[in-house]
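Q: Can you walk me through a structure I haven't seen before? Short answers are fine.

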Amino acid sequence: MTWLLTGGAGYIGSHVLEELQAGGTDVVVVDDLSTGLESRVPDGVPAYYVPVQKTEAIEEILREHKVTGVIHFAAKKAVGESVENPMYYYEENVGGLASLLRAMEQAGTRNMVFSSSAAVYGQPDNPEVSEDSPLVPESPYGETKAAGEWMVRASAVSRAQSENPLSYSLLRYFNVAGAKSPTLGDTSVANLIPLVFRALSEGQKPKVFGDDYSTPDGTCIRDYIHVVDLAQAHVVAAQACEAASPGGFGAAYNIGTGTGSSVLEVLDEVRAVTGNDFEHEITPRRPGDPAALVADPTKIKTELGWSAQHDLADMVSSAWEAWQAQH
Ligand code: WQD
């Protein structure tokens, strides 16, 4: 078994790389290093620093390493940036995936795990979403992830009667946080926990985007998931594809804990972990934020036996260690 990880030098990709290797699976990395770091790729792992848009180069890599499956992380993921520059998101996320699926078709690669997002659900009426909830993305970022799911399915349908049918898993990540080790931390400062750390490092008050939501403490609720749990979900999803008869597996799964935490609860956890009893600042709501979004993670537990093992304290403490190591 050999799996190709696009975006394997990224924050999530490098965690999945370690889990796969630990389980005895061979890995190959493709990364354009736009946000990835060579230092995250262990010695001895074949790595190609090319964009997924290079269809022929990717096909060649798939053939050369007899790749049995691809996990596709390589994509842009900043919601705000996607609103400002939507065509960039379509080019990178939709264009990149089209090229990759084409290369996989041509090389006959039979398995795929796709990094989707809870952003495909938009602002649901019921905060706890199952995989059957409607896909109503609210940002171009979320749209490219919904489109990506359709593209993977369409490729599988078109290949169903071929010599090499496609099995796939679509993983809808909730709010990913934490690190397995200090060197694998998230280096981007785009999400709540790193933004809080940065504010503290700069002696600023962390911002809370609105405290007048219809939630118990008035702040938004999210389902934070430890990156190590997320990585293990990829391993079981990849195994499910490989274990099925060719083309015999295709499913979408929520990857969350099923437990929501409010912004104020996250800040309290940061206070406990850092020992810093800081003040925060309430600012106006951020446009487009749903009041609450929590995974119903039943499906992946029932079908693949995966469930999250780490709590918010693990996420905040490991993220803080990684932050301190980086800065
Ligand atoms: C979390 C909460 C903010 C910063 C996005 C994507 C989603 C997924 C995860 C993967 C919200 C509040 C934030 C701050 C705050 N990604 N907040 N002060 O928007 O829930 O989810 O990343 O694909 O698809 O949409 O994550 O970390 O930006 O915000 O109060 O300085 O923290 O309002 O409630 P979000 P986030």
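Q: Which element gives the largest share of the shell around the ligand?
A: Strand S9 does, with 3 residues. Strands here are DSSP E runs of at least two residues, helices are H or I runs of at least four, and both are numbered from the N terminus. Keep in mind that this is a predicted model, where local features need pLDDT of at least 70, side-chain atom pairs count only at pLDDT 80 or more, and totals for chains, interfaces and linings use all residues. Residues are numbered from 1 along each chain as its sequence is written, and side-chain values use heavy atoms, with hydrogens and water left out.

Q: How many residues surround the ligand, and which are the closest?
A: There are 18 around the ligand. Ser-117, Tyr-141, Lys-207, Arg-222 and Asp-289 are the closest. A residue counts as near if one of its heavy atoms lies within 4 Å.

Q: What classes are they?
A: The shell has 11 nonpolar, 3 polar and 4 charged residues. Ala, Val, Leu, Ile, Met, Phe, Trp, Tyr, Cys and Pro count as nonpolar, Asp, Glu, Lys and Arg as charged, and the others, Gly among them, as polar.

Q: How far is the side chain of Ser-117 from an oxygen atom of the ligand?
A: An N or O atom of that side chain is 2.7 Å from a ligand oxygen. For Asn-175, the side-chain N or O atom is 3.0 Å from an oxygen atom of the ligand. Asn-191 has a polar side-chain atom 3.2 Å from a ligand oxygen.

Q: How much of the ligand's accessible area does the protein cover?
A: It covers 89% of the 690 Å² that the ligand has on its own. Those areas come from the Shrake-Rupley method with a 1.4 Å probe.

Q: Which elements give two or more residues to that shell?
A: Helix H6 (192-201) and strand S9 (207-209).

Q: New topic. What is the strand order in the open sheet of 4 strands?
A: The order is S6-S15-S10-S13, with mixed pairing. Two strands pair if DSSP finds at least two bridges between them.

Q: Why do S6 and S13 each have a side without a neighbour in the sheet?
A: Strand S6 (128-129) and strand S13 (261-262) stand at the edges with a single partner strand each, so one side of each stays free of a neighbour.

Q: And how many bridges join S10 to S13?
A: There are 2, and these strands run antiparallel. In S13, Ser-262 stands opposite Ile-221.

Q: What about empty space: how many cavities of 30 Å³ or more are there?
A: There are 2. A cavity is a set of points, on a 1 Å grid over the protein atoms alone, where a 1.4 Å probe fits but cannot get out; lining residues have an atom within 4 Å of a point. Volume is the space filled by probe spheres set on the points, which are joined across faces, edges and corners.

Q: What is the volume of the largest cavity, and which helix gives most to its lining?
A: The volume is about 50 Å³. Helix H7 (residues 227-243) gives the largest share of the lining, 4 residues. Lining residues include Met-1, Trp-3 and Glu-242.

Q: And the second largest cavity: how much space lies in it?
A: About 30 Å³. Its lining includes His-72, Phe-114 and Lys-145. Helix H4 (86-107) and helix H5 (140-159) each give two or more residues to that lining, with H5 giving the largest share, 3 residues.

Conventions: A polar contact is a pair of N or O atoms within 3.5 Å; within protein, one must be able to donate a hydrogen and the other to accept it, and residues adjacent in sequence count only if both atoms are side-chain atoms. On a 1 Å grid over the protein atoms alone, a cavity is a set of points where a 1.4 Å probe fits but cannot get out, and a pocket is an open set with protein on both sides within 12 Å along at least five of seven lines; lining residues have an atom within 4 Å of a point.
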